[in-house]
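Biologist: Before we use words such as buried, parallel or paired for this protein, I would like to see how each word is earned. Could we go through them together with the structure in view?

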Amino acid sequence: MRTVPGPTDRVVVVGAGLAGLSAALRLRGAGREVTVVERGPQPGGRAGRVERQGYALDTGPSVLTAPGLIRDALACVGDVLEDRLELLPLETTYRAQYADGTTLDVHADPEAFAAEAERVCGPGSGAEVRAYLEHIRDLDRLQWDVFIDRNLDSPLDLVGRPMVELARKGGFGRLAPHVDRRLTDERLRRLFSFQALYAGVSPFTAIAAYAVIAELDIGKGVWHPVGGIHAVPAALAAAAADAGVVFRYDTSVASLDLRGGRAVGVRLEDGELLPADAVVVTIDRPDDLVPRRQRRVKPVYSPSCVAIHVGVRQEFADRAHHTISFGQSWREVFTELTKTGRPMSDPSLLISMPSKTDRSLAPEGGQVISIVAPTPNTDRHSGGNPDIDWSTLGPRYRDEVLQTMEARGWTGLTGSIEVEEMLTPADWAAQGMAAGTPFALAHTFAQTGPFRPSTYPRGGPENVVLAGSSVQPGVGVPMVLVSGRLAAQRITG
């Protein structure tokens, strides 16, 4: 593993999102003097929070998996997860809702899940689910230490028995056929392949190795942090501050001061220079700040989304914490998202109602609901559509999504909204996210593993490393926490 040469006593971390906080905790635990610079008023990055009229709306991720990564980050400064966060395991990971009117509850307990599959999908389905859960557990075992939780400097780093075994298990084929060969019922096939969108690709083009994403949520379970997802970065930042990390909020970075191939400091927009022996950059477009060798091929970005977060004065007592609402169309929606640049004509939606589990998020008689509708991004090269005027389409599409939910059983939703926050690709772009997507670079084969931008880019300043969803290992809460750890390892060795 390549590491930063020379002194690394003083480190400036640019960005207080989950990647930056993970890096800061590890660096501080290794004895470095750490300052975190964040342009926003609070930690969290994408994991934001809006509070109005007694409703607490998380405006970023809604699904939390792999809490051991949070525990590990806190332990770097001698802190204990239970002292900072209360995590509630969800008995029902997801409720899958299908166009034919059937529903299927994904239980955290594998036997209960298999029994539910047998009940809904017919004889033999339970055995298929048990076998497939074991299969993706094997994929996770093969990939995690070698392919994910590791700094990769070259494709040669992957040469060895685990990759041979992954190939033997079909990991480099296509995801959709990989799933189809193991599961008979179309409803189960969708349930175990929709996660490809988390990686920014269609299940019809994703490599089968990404079946492992289902192991993170369906296989290993989903948790809810009391206080909402934003409670996670708040807890990490509090632990870091108690350990001596200095936070500078409402502070924007203008540039890096470079001398002799190294960054000697971080220049703030007001002209102040923060001296640094090493710098961790976690912004979504690191090229805006870090001079480095340019890629010879154009990047491909993930689809974007419209996210609608509402506080409603209605109970919806029969609904689950997380619902995946599938439309009738399947292959067609991925064509729209990644090729023709159109919003889904028959949308599949991820709906989260965290106040079902955590009543602190909403007033008496109310609920907090987040609806994520994937959309094309704004990059034509990635199959997106830069010509969509979201200031015009956004309100109309919002109404269309809510009407779809009403038609799928969320009766009375639209009329009971008391507070609302909506984000479109135009909003993500205004926040500095490339191609107007919060999901960064797509996990195409050419942007996966050692082919994804490194945490330590060649051709850049020798003491500047990167973290976040745009670099290894990739997109999602677990991955950016790992990314912070990998970036810190570049500095600490």
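Biologist: Leaving aside its neighbours within four places in sequence, which residues is T437 in contact with?

Modeller: This is a predicted model, and in it T437 is in contact with R46, Y301, S302, P303, S304, N377 and W428, once the neighbours within four places in sequence are left aside. The place of T437 is in the loop between α13 (425–430) and β19 (464–466).

Biologist: What makes T437 buried or exposed?

Modeller: The word buried is used for a relative accessible area under 20%, and T437 has a value of 0%, so it is called buried.

Biologist: A435 lies in that loop between α13 and β19 too; how do you know whether A435 is buried or exposed?

Modeller: The cut-off is again under 20%, and because A435 has 14% relative accessibility, it counts as buried.

Biologist: What is notable about the phi of A435?

Modeller: Most residues other than glycine have a negative phi. A435 has a positive phi of about 60°, although it is not a glycine. F316, in the loop between β14 (304–312) and β15 (322–325), is not a glycine either and has a positive phi of about 45°. With a relative accessible area of 7%, set against the limit of under 20%, F316 is therefore buried.

Biologist: What makes the peptide bond from Q472 to P473 cis or trans?

Modeller: That bond has an omega near 0° and is cis, whereas most peptide bonds are trans. P473 is found in the loop between β19 and α14 (477–492).

Biologist: Turning to helices, why are α2 and α10 called roughly parallel or roughly antiparallel?

Modeller: The axes of helix α2 (residues 68–75) and helix α10 (residues 231–242) cross at roughly 15° and come within 10 Å. Angles under 35 degrees count as roughly parallel, and α2 and α10 are therefore roughly parallel to each other. Their crossing is right-handed.

Biologist: Which residues make that contact, and how do they divide by class?

Modeller: I70, A73 and L74 of α2 meet V232, A235, L236 and A239 of α10. By class, this contact of α2 with α10 has seven nonpolar residues, with no polar and no charged ones.

Biologist: How are α5 and α6 packed?

Modeller: Helix α5 (residues 125–148) and helix α6 (residues 161–168) pack at an angle of about 145°, with their axes 10 Å apart, and the crossing of these two helices is left-handed. On the α5 side the contact has L139, L142, Q143, V146 and F147, which meet P162, M163, E165 and L166 in α6. The residues of this contact of α5 with α6 divide into seven nonpolar, one polar and one charged.

Biologist: How do you know that L25, in helix α1, is buried or exposed?

Modeller: L25 has 0% relative accessibility, and because buried means under 20%, L25 counts as buried. Not counting residues up to four places away in sequence, L25 touches A73, L74, C76, V77, L236, A239 and A240. L25 and G244 are 219 residues apart in sequence, yet 9.7 Å apart in space from C-alpha to C-alpha.

Biologist: What makes β1 and β2 a pair of strands?

Modeller: Two strands pair if at least two bridges are found between them, and five bridges join strand β1 (residues 10–14) to strand β2 (residues 33–37), which run parallel. One of the bridge partners is V37 in β2, which is matched with V14. In an open sheet of five strands, the order is β9-β2-β1-β13-β19, with parallel pairing.

Biologist: Why are β9 and β19 called edge strands?

Modeller: β9 (246–248) and β19 each pair on one side only, and they are the edge strands. Neighbouring strands of this sheet are turned by 20° against each other on average, direction ignored. Helix α1 (residues 18–29) packs on the sheet and touches β1, β2, β9 and β13 (278–281), while its direction makes about 165° with that of β2.

Biologist: How many bridges join β3 to β4?

Modeller: Four bridges join strand β3 (residues 49–52) to strand β4 (residues 55–58), and these strands run antiparallel. In β4, D58 is the bridge partner of R49. The hairpin of β3 and β4 has two residues between the strands, and Q53 takes a positive phi near 50° there.

Definitions and conventions:
Residues numbered from 1 in each chain as written. Predicted model: local features only at pLDDT ≥ 70, side-chain atom pairs only at ≥ 80, totals over all residues. Heavy atoms only, no water. Axes fitted to C-alpha atoms, helices over the stretch in contact; angles between N-to-C directions. Parallel < 35°, antiparallel > 145°, perpendicular 65-115°, else oblique. Left-handed = near helix turned anticlockwise from the far one by under 90°. Contact = heavy atoms within 4.5 Å. Nonpolar A, V, L, I, M, F, W, Y, C, P; charged D, E, K, R; others polar. Buried < 20%, exposed > 50% of the residue type's maximum accessible area, 1.4 Å probe, protein only.
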